[in-house]
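New to this one? Here is a quick briefing to read alongside the sequence and the 3D view.

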Amino acid sequence: MSRFYFVDYPLGNPCGVPYNRSEQTEIVRSALELFSVPAPTGTVFAPYEWPRGQDWRENYMRVLPEDVERLRAAGERRKLERQKLRDIGQVRKD
């Protein structure tokens, strides 16, 4: 079992609220303390709540109907680019 310190904040904020150094320090300290535990503990949930509310959850991974085709086309272009790179040995073959 692994060690994982989970901070339930919006993507891009894994170490706390931007510019909140005391919270960031505490989050990093708590995560590093997991290394001192004799056996892996699995997931430890940080006891913090995003101070700007939970509205970010509603928009996380939201795809509006008008964006579906644009995103699908972008995904297909990306697949073709990745395949070309695989063909010349520039990316993993997974």
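Leu11, Tyr60 and Met61 together make a nonpolar surface patch of about 410 Å². Keep in mind that what you're looking at is a predicted model. The points below start with that patch and then move on to the strands, the salt bridges and the domains.

**The patch and its loop**

- Two of the patch members, Tyr60 and Met61, sit in the loop between α2 and α3.
- How open to the outside is Tyr60? Tyr60 comes out as partly exposed, with a relative accessible area of 44%.
- Met61 counts as exposed, because its relative accessibility is 66% and the cut-off for that label is over 50%.
- Met61 also has an unusual look to its backbone for those who like angles: phi is near 65°, a positive value in a residue other than glycine.

**Another positive phi**

- Tyr19 isn't a glycine either, yet its phi is positive, at about 70°.
- To find Tyr19, go to the loop between β1 (3-6) and α1 (21-33).
- Is Tyr19 buried or exposed? Tyr19 is exposed, with 81% relative accessible area.

**Strands and the crossover**

- β1 pairs with strand β2 (residues 42-45) over 4 bridges, and the pairing runs in the parallel sense.
- One place to see this pairing is Arg3, which stands opposite Gly42 in β2.
- Which way does the β-α-β unit turn? The unit made by β1, α1 and β2 is left-handed.
- Gly42 is at home in strand β2, and it is buried because its relative accessible area is 8%, with under 20% as the limit for that label.
- Gly42 and Glu23 are 19 residues apart along the chain, and their C-alpha atoms are separated by 22 Å.

**Salt bridges**

- How many salt bridges turn up in a search of the whole structure? The search finds 6 of them, and three are described here.
- Arg57 and Asp8 meet through their side chains in a salt bridge, at 2.2 Å from N to O. This pair ties together distant parts of the chain: Arg57 is in helix α2, Asp8 is in the loop between β1 and α1, and their positions lie 49 residues apart in the numbering.
- Both partners of that pair are partly exposed, Arg57 at 39% relative accessibility and Asp8 at 28%.
- Arg29 and Glu26 form a salt bridge too, with their closest N and O atoms 3.4 Å apart. Both residues lie in helix α1, 3 residues apart, which is about one turn of the helix.
- Arg29 is partly exposed at 44% relative accessibility, and Glu26 is partly exposed at 30%.
- In helix α3, look for Lys79 and Glu76: they're 3 residues apart, so about one helical turn separates them. They form a salt bridge in which the closest N and O atoms are 3.4 Å apart.
- Lys79 is exposed, with a relative accessible area of 54%, whereas Glu76 is partly exposed at 42%.

**The domains**

- The protein chain is split into domain 1 (1-52) and domain 2 (63-94).
- How far apart are the centres of domain 1 and domain 2? Taken over C-alpha atoms, the two centres are separated by 32 Å.

Conventions:
Residues are numbered from 1 along each chain as its sequence is written. This is a predicted model: local features need pLDDT of at least 70, side-chain atom pairs count only at pLDDT 80 or more; totals for chains, interfaces and linings use all residues. Side-chain values use heavy atoms; hydrogens and water are left out. Domain bounds come from an automatic or database domain assignment. Buried means under 20% relative accessible area, exposed over 50%, partly exposed in between (1.4 Å probe, protein chains only). Patches are made of residues with over 30% relative accessible area and no salt bridge: like charges are joined within 9 Å, nonpolar side chains (Val, Leu, Ile, Met, Phe, Trp, Tyr) within 5 Å. Accessible areas come from the Shrake-Rupley method with a 1.4 Å probe; for residues, only the protein chains shown count as cover. A salt bridge is a side-chain nitrogen of Lys or Arg within 4 Å of a carboxyl oxygen of Asp or Glu. Two strands pair if DSSP finds at least two bridges between them. A crossover is right-handed if, with the strands pointing away from the viewer, the path from the first strand over the helix to the second runs clockwise.
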